[in-house]
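Trainee: I should like to examine the terms applied to this structure. May we set each value against its definition?

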Amino acid sequence: MSSQQPRIISFPIGGMTCAACASRIERVLNRLPGVAANVNFATEKAQVELSGEQTQAGEVIAAVRKSGFEVVPERVELAVGGMSCAACAARIEKVLNAQEGVSATVNFAAERAHVEYQPGLAEVDGLVARIEKAGFSASVVDDAARDAAKQRKQQEWQSLRWQFGLAALLTLPLMIEMVAMFMGYHEAVPRWLQWALATPVQFFCGRHFYRNAWNALRGGSANMDVLVALGTSVAYLYSVVVILAGDHHGHVYFEASAAIITLVLLGKLLEARAKAKTGAAIEGLLGLQPQIAHVEVDGALQDRAVASLRVGDIFVVRPGESIPLDGLVLEGASEINESMLTGESVPVLKGEGDKVFAATLNHNGALRVKASGVGSDTALARIVRLVEQAQGSKASVQRLADKVSAVFVPVVVAISVLTFLLGWWLTGAFTPSLVSAVAVLVIACPCALGLATPTAIMVGTGQGARNGILFRNVDALERAQQLKTLVVDKTGTLTEGRPSVSDLLPAEGVSPERLLALALGLERDSEHPLARALVEHASSRSVAAVAVSDFQAQPGRGLTATVEGQKALLGSPRFLAEEGVAFDQARMEALESSGKTAIGIALDGTLQGYIGFADRLREDAVATVAALQARGVRVVMLTGDSPRVAAVVAAQVKVDDFIAGVLPQHKAEEVERLKSQGDGLVGMLGDGINDAPALASADIGFAIGAGSDIALDTADVVLMRSQLSSLLDAIDLSAATLGKVQQNLFFAFIYNVLGIPLAAFGLLNPVVAGAAMALSSVSVLSNSLLLRKWKPAARQVSTHKH
C-alpha cells in the first residue's frame with residue numbers, strides 16, 4: 001500500500017494588519033483535518049500542506065475568507081494557437097473552466113484566452129499545460145509574446161498560402177474533368193491521374209484538417225475540421241473503392257474532394273488576413289511607441305532601449321520625435337500631438353510641470369522630461385489593456401451562438417447520416433445519396449457563427465480607441481446605445497471646471513484686500529477648483545494670506561479654522577446658516593440668480609463678505625444635450641450648488657430636470673433613486689475624480705477628460721477627449737457595432753438554415769457547398785471590417801455665452 005504524497009499550495013492573503021492576523025489564519029487553517037499551514041505576515045502569503053483527501057484546496061480558501069480576509073483572484077491573458085473554428089474555442093473554455101478556481105473566456109477571433117484564477121487552486125503553468133494537452137499552443141501575453149504571436153501568424157499565413165498554391169495547382173486539371181462532365185464528356189482526365197493528383201491534396205495540403213480533427217475528437221468534442229476531414233475523406237475513399245473494384249461505370253469524386261480542400265484553404269487564407277486586420281487598432285497603438293530614448297547619464301546623452309528605463313530617469317525628446325514614456329516636463333516647451341490617445345487632432349502646448357504621455361508626437365521644441373510611468377504603467381499600456389479586456393469579454397448575444405456552436409458539428413453529422421440513409425432508402429440510389437451527405441458535411445460552418453460577434457467587437461473597440469473612446473467591456477458597448485436617462489455632473493462636465501472670481505462683496509467695514517487675505521489663508525492648501533481660482537485671483541492682486549491654524553474641512557459644505565484667535569468659517573450659504581451666521585439674503589440671491597456660485601466668510605459668527613465665482617459652459621454643452629434629447633434620452637443635471645444657481649444653468653443648457661444641493665457622497669444615492677424608477681438604463685457622465693461612486697452605481701458610467709487613472713479604473717466608458725460630443729460618438733459607435741453583430745449573426749444563421757436543407761435535398765454540388773462554406777466566414781469578417789470606415793460625426797458646436 002503506497003502512501004500519498006502531501007500536496008503543497010501557496011496563495012496570497014489580503015487584509016492582514018499585523019502578525020496577530022497571520023496567527024489567527026494559521027489557527028483556523030490548522031483546525032482543518034489533514035492541513036498544516038504557515039502564514040507569513042511579511043510576504044502576505046500562506047503555504048499550506050494538504051495530506052490525504054480529507055480537505056480540498058477550495059475548502060482552505062473558503063476558510064480564509066470566512067475568517068474575514070481576502071484571497072484575491074489573479075488574471076492572465078494567454079495567446080492561443082491552433083484554433084480552427086468556434087468549436088475549438090468552446091473546447092478550450094470547457095477544459096479551463098473544468099479546473100477548480102478558474103473562470104475563462106476564449107476569443108476565437110483574437111486567438112486569446114482571458115483567465116481569472118485562484119492562486120493555490122490553479123497556476124499559469126498548469127493552465128498552459130491544460131491547453132497544450134487539448135492539442136493547442138498557449139503562452140502568456142507580454143511584449144515578447146505579442147511579437148512571437150505576430151511571427152507565428154505570419155508563418156502560418158505563409159504556410160497556408162503555400163499549401164493553397166500547391167492544392168490549386170494540383171486541383172486545376174481535376175476541374176477540367178468537372179467542366180468536361182458538364183459538356184457531356186467523361187474521363188477527359190484518366191482516373192489514375194485524377195487519383196494521383198487528388199492524393200497529395202487530400203493528405204498533404206489537407207493534413208492539418210486531419211490533425212485538428214483528431215485532437216478535437218480525442219478531447220471529446222468536434223469542430224469544423226471534423227466536418228471537412230469526414231466529408232472529403234468519404235468522397236476520396238469512395239472514389240478509390242470504385243477504381244480498385246474495377247467499376248468502370250461508377251463515377252469518381254476526386255475533383256470534389258480536392259476542390260473542397262482547395263476552397264477551404266482559400267477561405268482560411270482570406271480569413272487569416274481579415275482577422276489580422278481586426279486587431280490593427282491595437283497593433284497601431286503599440287507601434288507608435290519608440291524603442292529608443294535619449295537618456296541623460298552623468299550629464300551626457302546616451303541612446304538606450306526604452307524597456308531598460310526606470311521611473312525617475314531623465315530623457316530628452318527632440319522636435320519631430322515620439323515621446324518614449326510618460327513623464328513630467330522639467331525644461332522646454334512644445335506643442336504635442338496627442339491624437340493617438342485622445343483622438344483630438346489639435347496639438348496641445350506643454351511646458352514645465354506638465355504631464356506628457358508615451359507615443360504622443362513632439363512637434364516643434366526640445367523637452368527635458370523625468371520618467372513617471374514605464375512599461376505597463378504608461379497611459380498607452382493602460383489603454384491597450386482596457387481595449388484588450390473589452391475585446392476579450394463576451395456579448396450577451398454571443399451566448400446563443402456559443403450554445404449553437406457547442407452542438408453544431410454532432411447535429412450536422414447526424415443530418416448527413418440521415419440524408420444518406422433516407423436518400424438511399426427512398427431512391428435506391430447509393431451514389432447520389434452519398435454526394436448529398438458529403439454536401440451537407442462541407443456546407444455546414446460553425447466558423448461564421450463563432451466569428452460574427454467577436455470580430456465586430458474587436459473592430460468597434462479598436463475604432464473607439466483610435467478616436468479617444470475606451471469601452472471597459474462588451475456590456476458597456478451594448479448598453480451605451482440603450483441609454484434612456486443620463487445624469488450629468490455640472491462642474492467640470494457641463495461647465496469647463498475652471499471657475500474664476502467674478503465678484504468680491506465685502507461686508508461694511510471690511511476691505512476687498514482683507515476679504516481676499518482671509519479667503520487665501522483658508523483656501524491656499526485646498527485642491528478644490530474654487531480654491532485654485534481664489535489663489536490665482538489673490539496672486540494677481542499681490543495679496544498676502546493671513547495665518548491660519550486648526551484647519552478642518554467639511555466636504556461639500558465648507559471649512560472651519562482659527563484666524564487671529566477667532567473662529568473662521570468659509571463655505572456655502574447653507575453652511576453659514578447652519579453655523580448661525582446672519583447674512584444679506586438679497587445680495588446672495590442676486591449672485592446665485594445670475595448663475596454664479598457664492599461662498600461666504602465669517603469670523604466669530606460675523607459675516608466678512610461674499611465671493612462670487614463664474615464657470616463657463618462647455619462650448620458643446622447645449623448642442624450635446626439637445627442631441628441627446630432628440631434621441632429620446634432624458635438629461636438630468638446633478639450639482640452641489642444651490643437650487644437658484646442650478647436653475648439658471650439648467651435653463652441655459654435646457655436639461656430636462658436638475659437635482660441641486662447634492663453632496664459628493666450622496667451622488668450615488670441619487671443615481672440609485674433614478675434607477676429604481678424603472679425608466680430604462682441610467683447612465684452617469686462625470687469627470688471620474690469625485691464621481692467614482694456614482695459612476696460605479698450607474699448602469700453605465702461615462703468619464704470625460706484626459707483619462708485620469710481614477711476614470712480608467714471606475715468608468716465603463718472613458719472619453720479621453722474633453723468634449724461632451726464624444727458621448728454622442730460613443731453612443732453612435734455602440735449602435736454601429738451592435739448593428740454589425742446582428743447582421744453577422746443573421747448571415748451566419750440564415751446561411752446554415754438555408755444551405756444545409758439545400759444540400760440534403762441534393763440541390764447543391766459538394767464543390768459549390770465547399771466554396772460557400774469557405775466564403776461564409778470571409779463574408780462575416782468583411783462585414784465586420786466595414787466598421788473601420790466609422791468616423792465620429794462632424795458636429796455643429798453651439799457656443800453659449802453668459
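Trainee: What makes the meeting of the E496 and R616 side chains a salt bridge?

Mentor: A salt bridge is a side-chain nitrogen of Lys or Arg within 4 Å of a carboxyl oxygen of Asp or Glu. The side chains of E496 and R616 meet at 3.6 Å, N to O, so the pair satisfies that limit. E496 lies in the loop between helix 17 (490-494) and strand 19 (500-506), and R616 in the loop between strand 24 (606-614) and helix 22, so the pair ties together parts 120 residues apart in sequence. Helices (H or I, at least four residues) and strands (E, at least two) are DSSP runs, numbered from the N terminus. This is a predicted model, in which local features need pLDDT of at least 70 and side-chain atom pairs count only at pLDDT 80 or more, while totals for chains, interfaces and linings use all residues. Residues are numbered from 1 along each chain as its sequence is written, and side-chain values use heavy atoms, with hydrogens and water left out.

Trainee: Why is R616 called partly exposed?

Mentor: Buried means under 20% relative accessible area, exposed over 50%, and partly exposed in between (1.4 Å probe, protein chains only). R616 has 44% relative accessibility and therefore counts as partly exposed. E496, with 24%, is also partly exposed.

Trainee: Which class does E564 fall into, buried or exposed?

Mentor: At 54% relative accessibility, E564 counts as exposed. The side chain of E564 meets that of R514 in a salt bridge of 3.0 Å, N to O. R514, at 27%, counts as partly exposed.

Trainee: Why does T378 count as buried?

Mentor: The relative accessibility of T378 is 1%, so T378 counts as buried. T378 is placed in the loop between strand 16 (367-373) and helix 12 (379-392). Leaving aside neighbours within four places in sequence, T378 is in contact (heavy atoms within 4.5 Å) with D326, A358 and G373.

Trainee: What makes helix 22 roughly parallel to helix 27?

Mentor: Angles under 35 degrees count as roughly parallel, over 145 as roughly antiparallel, 65 to 115 as roughly perpendicular and the rest as oblique. Helix 22 (residues 621-630) and helix 27 (residues 725-760) pack at about 30°, with their axes 9 Å apart. Helix 22 is therefore roughly parallel to helix 27. The contact is made by T624, A627 and L628 of helix 22 and S725, L727, L728 and I731 of helix 27.

Technical notes:
Axes fitted to C-alpha atoms, helices over the stretch in contact; angles between N-to-C directions.
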